[in-house]
Structures are given as C-alpha cells and as structure tokens.
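Please open the model in your viewer and keep the selection panel at hand. The stops below go from the whole assembly to single contacts.

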2 protein chains.
Amino acid sequence: MAATRRARTGTRPRLPDARARMITGAIDSLRVHGASATSIDRVLAATGAPRGSVYHHFPGGRTELLGRALDAAGATMSEYIEHLTRTHDPMTALEQFAALWRHTLCESDFRAGCPVFAIAVETNDDAPELAGTAAEIFARWHRALTEQLLRHDYPPARATRLASLTVAAIEGAIVLCRIHRETTPLEDTVTELRVLYTGGQ
Amino acid sequence: MAATRRARTGTRPRLPDARARMITGAIDSLRVHGASATSIDRVLAATGAPRGSVYHHFPGGRTELLGRALDAAGATMSEYIEHLTRTHDPMTALEQFAALWRHTLCESDFRAGCPVFAIAVETNDDAPELAGTAAEIFARWHRALTEQLLRHDYPPARATRLASLTVAAIEGAIVLCRIHRETTPLEDTVTELRVLYTGGQ
DNA sequence: GTCTATACGAAGATAGAC
DNA sequence: GTCTATCTTCGTATAGAC
C-alpha cells in the first residue's frame, strides 16, 4: 500500500521501507549495544532512516520501536529453533544452533549477542510489556526443546529440565564468548551438553 | 583517618563513609537496572550520598565509580566461590551457590541479578577497561571451579569444559529466573548439572 | 569533604510546515 | 511521510564557595 501511494505521488524514500529498516537497525543495536543504549538517534544514524517519520511508524515512540524489534527478532529466532528441533535429533539441532552463534560471534568480532537476552537483562521497571514479551519468547524456545526431547523418549521431567539448562547455558555462553572474545565457552558448553543429550535418559 | 579529622573539625557525614555507600549503591543498581541505567544520579538518590563529593572520591567520574563497584562485587563473589570450592565437593558447592542465588532472587522479588554479568552484557564500545575487568572476574570463577574438579579427579579437559558450562548456565539461569519471575530455571539447571557432577567422569 | 550553581550534551517527544 | 524546529528532562562534568 505504501508502494501504490509512492507510485501515485512520485515521492520516494531513500531506501525501501524505512519502518522495516528501523526495526532491523534496532535489532542490530540491541545485539551490540544493549537495550538502554539503543536510542532512537542511534538507530537513525545506523540506518539512515528519516527522523521525521519515527513517530509516524511508531506512535508509542522508542518503547514501541523496541517492542517491534523484539517481536521480529523473537519470531525469526523462534521459527529457526522450531525448524531445527523438528527436523533434527536433539544433539544435531543443538550443534546447528551453536554453529550459527559461532558464526555470528566471529563475524561481528564478538560484538553481537542475543537481542532478546539483552532486553531480558536490562528491562526491569520500565516497559514491563517488553519483559513479558521476552519471557514469552524464551518460553517458546523452551517448549520447542522440550517437545523435541519428548519425541526422543526423554521422560517429561527430564525433558523440561534439560530444555531449561540448554537455553540458560547457550545464552550464558554467548555472553562469556563476547566478553572473552573467543568461542571457547560456547564450544565447552555444547561439548558438555552432549553428554546429557547422548548419555543417560 | 576520616574519623580523626571528623572528630577534630566537628563536621559529620550523614552516614559512615560516603564513598563506600556509593560503591554498594552502584552494585545494587547494577544488579537491578543494569550498567547503562546506573547513573550517578540514581546512585546518589538511592544512597543519599552527597553529590558534591562524587568527583572527590571518583576523579574518573561515572566510569571510575562503575569500575570500583565491579572490583568490589567481583572480589566478594570470587572469594565466596573460592571458599565454597575449597571446602566442599563440586556438587555441594554448586548447590550452596544456587541456594544463595535463590535467596537473592526471591528476596529482591526477582529484580536483582549479577552485577558482573550486567556489565559484561552491556559493555561494548565504551569503557573497555570495564569489559576487561569483568572478563578477569569470570576467568577467576572458572579457575576456581576447574581446580576443584581437578582435585576431585576429573580429567583436565573435562574439568575446564564443565567449569565453562557451569558459569554459563548459572548466569543464564539467573536471567531466565528474573524474566520469568520464578526460580524454576535455576532449579532445573542445578538438577541437570548434578548428572554431570555425580555421573560420569 | 561537601555544598550550590551552572555549562553542556544527549535523548525522548511534540508541533507545525511541506 | 518526511522535514525542521523546539521543549523538556536527564546525566555528566566543572567551578567556586564554605
């Protein structure tokens, strides 16, 4: 609909869809700089999006921008996790996921982390809606892992617990990798989780 | 020395040692609000410390305050971890440590997390010194855990990896507990780690 | 060591023109 | 949809009196 209007009026944005660019720019900033440091100015500077249309696209201002970024990042990551857990066995899925993170960490020179986790760590008083959304996203990941383990004959109690450990350990390891500027914590984490995934049930 | 001068001049601060109060106030703020949100104003408001002496005690300003808070928090936590790992077997030490966190989480209504982790997650461009300090603290914890496992006859390679997983998983679980407002992720994490700590070596 | 006052900049948000 | 002010608040930092 924006396209038709553009064709009619002859106006044109600098790049396709400023709103979408702002959202992806916010996600990138969340990864690298965290929630508090993800200001409107920073997103605009990084994306070249027009300052004048921020409150047009996000009437709720900065909080709404962060919310839409969290929604988008959460959906993308959740769909990938659900895809992996449905098409692979638990250990293979975990290794695939870890490989993606290894790539993200190295490619960003250990600057980029998990945007959902960034909001989870920083959000407390302000924006309880963001905290709620982040909690739902983690719950979705936990559910995907639990169901996968159940399909592979893990007892329900163990499946839930192992899913909790997996989410906690991967997220924690990503932070350790960033701060140490090496992938060892992630490798170590996956290697040890392998014992639980392949060993006893 | 401050006490003698106080006795001589007759002046007196509102409470003992403004500098120490600012540091503990900064640690509390780091726990609850994160690094970016830990402003000088917030620390002063929370502690009632005098605004006029901030740059007297911390010539480097906010960054130095955060640095001293990180030093203090890191030292306290490291000493406790080293105490636990020296006086208990691996599983008991882990459970003691988890019990402390369960208490901290519940008592703070799931608002307080780990101050070192908060800085690790948020610090990127600004203040590389803080990032370096945080990395050293995590390395110290990792070392304490590794040496404990070595003393309990774990092979070196496994000891290192299990120590990495433990640090990552506990830190990650604390964040999940905060965002979900329940201790289940921590309980699950410890229960599953128990398998690795007591099962195979 | 502590106070007040103030300079300065960054950031969120609004108003009104185009 | 986008632009240019502008307002306001907040946060860091400094200066100078007590």
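Select both protein chains and superpose them: chain B can be laid on chain A by a turn of 180° with a shift of 0.0 Å along the axis, and the RMSD is 0.0 Å, where the fit is by least squares on the C-alpha atoms of residues with pLDDT of at least 70 in both copies. The two copies are therefore related as by a two-fold rotation axis. Because 100% of the interface residues of chain B are also interface residues in chain A, the copies meet through the same surface. This is a predicted model, in which local features need pLDDT of at least 70 and side-chain atom pairs count only at pLDDT 80 or more, whereas totals for chains, interfaces and linings use all residues. Residues are numbered from 1 along each chain as its sequence is written, chains are lettered from A and ligands numbered from 1 in the order in which they are written, and side-chain values use heavy atoms, with hydrogens and water left out.

Next, select chain A alone and colour by secondary structure: there are 10 helices and zero strands, these being DSSP runs numbered from the N terminus (helices H or I, at least four residues; strands E, at least two). The C-alpha atoms of chain A fill a box of roughly 65 × 35 × 35 Å along the principal axes.

Now move to chain B and select α2 (residues 18-33) with α5 (residues 62-87), which pack at an angle of about 80° with their axes 9 Å apart; axes are lines fitted to C-alpha atoms over the stretch in contact, and angles run from 0 to 180 degrees between N-to-C directions. That angle makes α2(B) roughly perpendicular to α5(B), a label for 65 to 115 degrees. Show side chains for the contact (heavy atoms within 4.5 Å): α2(B) brings residues including B:M22, B:I23 and B:L30, while α5(B) brings, among them, B:L65, B:L66 and B:A69. The residues of this contact divide into 10 nonpolar, no polar and two charged, where Ala, Val, Leu, Ile, Met, Phe, Trp, Tyr, Cys and Pro count as nonpolar, Asp, Glu, Lys and Arg as charged, and the others, Gly among them, as polar.

Which residues come nearest to DNA strand C? Of the 15 residues around the strand, they are A:Y55, A:R62, B:P50, B:G52 and B:H56, a residue being near if one of its heavy atoms lies within 4 Å. Sugar and phosphate account for 73% of the atoms of DNA strand C that come within 4 Å of the protein. Phosphate oxygens of the strand lie 3.1 Å from a backbone N or O atom of A:I40, 3.1 Å from a polar backbone atom of A:R62 and 3.3 Å from a side-chain N or O atom of B:S53.

Technical notes: A polar contact is a pair of N or O atoms within 3.5 Å; within protein, one must be able to donate a hydrogen and the other to accept it, and residues adjacent in sequence count only if both atoms are side-chain atoms. Angles under 35 degrees count as roughly parallel, over 145 as roughly antiparallel, 65 to 115 as roughly perpendicular and the rest as oblique.
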